[in-house]
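Me: I would like a close look at one part of this model. Pick a single residue, start from its contacts, and work outward to whatever it connects with.

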Amino acid sequence: MKKFKLLSEQLLNTNNLFFYIYVCIVSIGLNYAIQYNFFTEELYYNTFGEQLTINRIHELFELGSRYKIVNYLLIPIILVVRILYNSFWISIGSYLNNNKIEFESIFNVCLKSEIIFVLMRATNLIILLFF
């Protein structure tokens with residue numbers, strides 16, 4: 001129990017900017033791995049093969065390939081919005097409950113809790129790759 005407490009204190013005391021950059025890089029890497037391994041041209045042909053022509057399926061795949069960079073650029077923005085959204089509503093609940101918790105500490109906890117979503121995505125990737 002003491003070891004867990006030390007680990008959680010270390011995590012909460014980690015620099016927020018460093019942790020945010022780390023979560024962004026890992027999220028982008030996991031997103032790339034999922035795109036590379038699962039969203040192949042074969043998937044498009046198997047999914048849309050009976051509904052669209054081969055040329056149209058190829059156009060859809062190329063269109064998706066062109067906009068991959070937008071997907072990667074949106075990840076940091078989506079993370080910030082998600083963290084601020086959660087922090088805002090937790091601070092509202094704290095205020096309504098008459099607790100004096102600073103927004104900065106709530107933001108810190110919400111930022112550090114993003115590691116759960118990264119671990120969930122990594123676990124999902126591992127399960128899909130090996131099973």
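Reply: Start with Phe19. In this predicted model, Phe19 touches Leu11, Thr14, Leu111, Lys112 and Ile115, once its neighbours within four places in sequence are set aside.

Phe19 also belongs to the largest nonpolar core, which has 17 residues. Phe19 is among the residues with the most contacts inside that core, and the others so listed are Tyr20, Val23, Leu79, Leu111 and Leu125. Leu111 therefore appears twice: it is a contact of Phe19 and a member of this well-connected group. Which elements give two or more residues to the core? They are helix 2, helix 5 (68-96), helix 6 (103-112) and helix 7 (114-130). Helix 2 provides the largest share, seven residues. As a general point, nonpolar side chains in soluble globular proteins tend to be buried together.

Now take the helix pairs. Helix 2 and helix 7 first. Their axes are 10 Å apart, and the packing angle is about 20°. Angles under 35 degrees count as roughly parallel, so helix 2 and helix 7 are roughly parallel to each other. Their crossing is left-handed. On the helix 2 side, the residues that meet helix 7 are Phe19, Tyr22, Val23, Val26, Ser27, Leu30, Asn31, Ala33, Ile34, Asn37 and Phe38. On the helix 7 side, they are Glu114, Ile115, Val118, Arg121, Ala122, Leu125, Leu128 and Leu129. Phe19 and Val23 of helix 2 are in this contact, and both are on the list of core residues with the most contacts. Leu125 of helix 7 is in the contact too, and Leu125 is also on that core list.

Next, helix 5 and helix 6. Here the axes are 9 Å apart and the angle is about 135°. That makes helix 5 and helix 6 oblique to each other. Their crossing is right-handed. Helix 5 contributes Ile83, Leu84, Asn86, Ser87, Phe88, Ile90, Ser91 and Ser94 to the contact. Helix 6 contributes Phe103, Ile106, Phe107, Cys110 and Leu111. Leu111 turns up again here, having already been named as a contact of Phe19.

Stay on helix 6 for a moment. Asn108 lies in this helix. Is Asn108 buried or exposed? Its relative accessibility is 15%, so Asn108 counts as buried. Beyond neighbours within four places in sequence, Asn108 is in contact with Leu12 and Asn16.

Cys110 raises the matter of disulfides. The structure holds zero disulfides. Why is Cys24 unpaired? The closest cysteine sulfur, in Cys110, is 15 Å from the sulfur of Cys24, too far for a bond. The cut-off for a disulfide is 2.5 Å between the sulfur atoms. Cys110 is likewise in no disulfide. Cys24 is buried, at 6% relative accessible area. Cys110 is buried as well, with a relative accessibility of 6%.

Finally, two loops. Asn98 sits in the loop between helix 5 and helix 6. Asn98 is exposed, with a relative accessible area of 66%. Its phi is near 60°, a positive value in a residue other than glycine. Thr40 sits in the loop between helix 2 (16-38) and helix 3 (41-48). Thr40 is partly exposed, at 30% relative accessibility. From Thr40 to Ser65 the C-alpha distance is 9.8 Å, with 25 residues of sequence separation.

Methods
Residues numbered from 1 in each chain as written. Predicted model: local features only at pLDDT ≥ 70, side-chain atom pairs only at ≥ 80, totals over all residues. Heavy atoms only, no water. Buried < 20%, exposed > 50% of the residue type's maximum accessible area, 1.4 Å probe, protein only. Helix = DSSP H or I, 4+ residues; strand = E, 2+ residues; numbered from the N terminus. Core = buried A, V, L, I, M, F, W, Y, C linked by side-chain atoms within 4.5 Å. Contact = heavy atoms within 4.5 Å. Axes fitted to C-alpha atoms, helices over the stretch in contact; angles between N-to-C directions. Parallel < 35°, antiparallel > 145°, perpendicular 65-115°, else oblique. Left-handed = near helix turned anticlockwise from the far one by under 90°.
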